[in-house]
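Please open the model in your viewer and keep the selection panel at hand. The tour below moves from one selection to the next and says what is there.

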Amino acid sequence: MTALAVRNLKKSFGGLMVTASVSLEVEAGERRLIIGPNGAGKTTLFNLITGELRPDGGSVTLFGRDITRVAGWRRPHLGMSRTYQIITLFPGETLLRNVTLALLGLSPLRWNPVIRLERRRQLVDRAREVLARVGLEGLAERPVAQTSYGERRRVEIAMALAQDPKVLLLDEPFAGLSVEERRDVLRLVTAIPREVTTVMIEHDMDVALDFAERITVLHFGEVVVEGTRGEVVAHPRTREIYLGE
Amino acid sequence: MKRLAQAGALAILATVPLWSGGTYYVNIASQILLYAVFALAINVLVGYGGLISLGHAGLFGIAAYAGARLLSDGYGHVAVVGGALATTLAAAALFAALALRGTGIGFVMITLAIGQIVWGVAYRWISLTNGDNGISVSGRPSPFGLSLASPAHFYWATFVVFLVAIGAMAVVVASPFGASLRGTRDQPRRMNALGYHVWMIRFLAFILSGFWSGVAGLLYLYYNQFVSPQMVALNASAEGLLMVISGGSATLLGPVVGAGLVVVMKNVASAYIERWNFVLGAIFVAIVVFMPEGLVPGVVRLWRRAREGRR
């Protein structure tokens with residue numbers, strides 16, 4: 001079954017066509033890597049898929065349901081969660097509160113103005129479990145502002161994991177990390193259960209090659225090459241884009 | 001320690017008419033508390049929602065004007081309060097729908113424009129608002145048979161409303177909705193991606209803010225027994241905003257302290273210093289320079305530093 005399908009998706013900013021008719025299909029349970037040099041339109045593609053941007057044309061389908069016109073805030077409720085390349089956390093709040101907000105986002109409790117949030121043991125305990133999954137349970141009470149960049153990356157991923165998504169979109173989860181931190185994060189994303197369909201953006205090919213079985217190469221807003229890991233690596237266009245040959 | 005301080009502050013506030021030594025001071029205290037309710041209302045949007053409103057005196061004034069009209073048409077106090085609050089809520093919903101088309105500076109400008117429209121109506125729509133002459137009303141209500149005609153009784157009634165307001169704020173701030181609202185202030189994009197309807201959260205916050213602005217407006221009406229276009233002017237909105245910012249936005253106590261500061265300066269200092277506006281301005285500049293986060297968080301910060309220095 002197709003988990004996520006994008007058909008002829010288009011987006012221009014003024015005269016600049018950032019997404020020029022992108023189509024791709026990701027099977028349920030698949031791990032897909034989208035690579036491409038800077039400015040290839042990778043993050044824009046994610047913003048179109050998650051509804052943060054409205055496409056100029058084309059459609060987005062989630063498990064057979066056309067969600068092109070569905071408001072962005074509804075999409076997590078349909079099982080689609082994302083992370084950001086530029087870390088987008090609540091800097092003044094603790095790690096625990098950050099993850100709690102991710103859990104609360106899918107709960108009808110979020111509208112409740114009279115109960116005490118911190119007394120919702122179920123919610124807070126689950127947030128702790130998610131933090132443990134990314135190895136940050138020891139820092140649960142620490143504000144984000146007092147954590148390292150590598151730790152924030154993991155919180156970023158924890159926020160998405162907390163929502164138990166069916167389709168998970170990871171936007172350059174390795175960006176700005178040291179070699180050891182990359183290894184930690186790679187272990188983390190590899191440990192994501194297989195039933196979660198995962199699409200990862202990365203511009204550095206070497207880091208994430210092992211992660212996915214299928215790879216899509218994006219260049220100037222178009223899908224240039226798509227195939228298995230071996231096919232894509234061996235393809236002359238990939239070499240041209242990445243090595244400038 | 002904290003509980004003791006709270007109990008002490010409550011005891012002092014509850015007994016103001018007994019020790020303050022005169023109607024004049026009791027009335028000042030009533031004004032502080034009614035403006036504190038107004039500042040708490042503004043703080044919902046400014047502090048917790050990150051939405052700077054320059055038109056809140058409009059909502060404050062609509063409640064007072066609606067109440068004054070209903071009173072002069074001979075309605076009872078229950079109908080007056082209910083009608084005035086319903087009018088304010090409807091106005092708040094309309095204003096929110098317009099103002100929330102923008103955020104940041106766009107929101108500021110739209111609220112400013114709406115506030116000016118309300119002022120224009122108060123000043124020019126003479127058949128409705130009596131224009132520059134304002135509307136005088138007589139008679140304060142007597143809830144549960146207690147007349148509020150005397151300054152002390154009115155003060156206690158205001159004190160009770162104030163307690164309910166600040167208590168309700170404390171509950172909302174600690175609630176999931178409060179956390180959602182602060183989330184939309186800090187990371188609206190992330191909140192949207194996490195499944196929160198950012199616009200609706202802001203809209204509801206605006207309504208909540210409108211409700212308490214309306215309550216404050218009614219207190220103002222019953223306190224002064226008079227409304228005039230002056231109370232809906234831009235100046236009044238700016239003053240409310242200054243109360244929040246000088247006291248400390250996104251805190252419970254900040255708006256209360258700010259309201260105290262502004263009301264005391266306006267009433268007490270103006271008796272001694274002719275250019276009291278200048279003094280008020282200088283105080284605000286000093287606050288912004290030395291405690292940009294506001295008086296309450298600023299004093300807390302200095303206190304902590306002093307304690308750590310002693311160790």
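Begin by selecting A:Ile215 together with A:Gly227, which stands opposite A:Ile215 in S10(A). What you see is a predicted model, in which local features need pLDDT of at least 70 and side-chain atom pairs count only at pLDDT 80 or more, while totals for chains, interfaces and linings use all residues. Residues are numbered from 1 along each chain as its sequence is written, and chains are lettered from A and ligands numbered from 1 in the order in which they are written.

Helices (H or I, at least four residues) and strands (E, at least two) are DSSP runs, numbered from the N terminus, and two strands pair if DSSP finds at least two bridges between them. Now show S9(A) and strand S10 (residues 222-228) of chain A, which pair in the antiparallel sense over six bridges. In their hairpin, which has two residues between the strands, look for A:Phe220, which takes a positive phi near 50°.

Add strand S3 (residues 31-35) of chain A, which runs parallel to strand S9 (residues 214-219) of chain A and is joined to S9(A) by four bridges. Here A:Leu33 has A:Ile215 of S9(A) as its bridge partner.

Next, widen the selection to the whole sheet, an open one of six strands in the order S6-S7-S8-S3-S9-S10 (chain A), with mixed pairing. Its edge strands, each pairing on one side only, are strand S6 (80-82) and S10 of chain A. On average, neighbouring strands of this sheet are turned by 15° against each other, direction ignored. H1(A) packs on the sheet and touches S3, S6, strand S7 (167-171), strand S8 (197-202) and S9 of chain A, with its direction at about 150° to that of S7(A). Such angles run from 0 to 180 degrees between N-to-C directions, and axes are lines fitted to C-alpha atoms, for helices over the stretch in contact; two residues are in contact if their C-beta atoms, placed from the backbone, lie within 7 Å.

Keep helix H1 (residues 42-50) of chain A on display, since the next stop shares it: H1(A) also lies across S1, S2 and strand S4 (57-62) of chain A, running at about 65° to S2(A). These strands belong to an open sheet of four strands in the order S2-S1-S4-S5 (chain A), where the pairing is antiparallel. Strand S2 (16-27) and strand S5 (65-66) of chain A are the edge strands. Between strand S1 (residues 2-13) of chain A and S2(A) there are eight bridges, and A:Phe13 stands opposite A:Leu16 in S2(A).

Colour chain A by domain, using bounds from an automatic or database domain assignment: domain 1 is 1-79 + 165-245 and domain 2 is 90-164. Their C-alpha centres lie 26 Å apart, and eleven residues of domain 1 of chain A are in contact with eleven residues of domain 2 of chain A.

Where do chains A and B meet, and how many residues does each give to the contact? The contact takes 23 residues from chain A and 20 residues from chain B; on the side of chain A, helix H2 (residues 95-104) gives the most, with three residues.

Finish in chain B with helix H3 (residues 23-48) and helix H11 (residues 198-224), whose axes come within 7 Å and cross at roughly 165°. H3(B) and H11(B) are therefore roughly antiparallel to each other, the term for angles over 145 degrees.

Technical notes:
Parallel < 35°, antiparallel > 145°, perpendicular 65-115°, else oblique.
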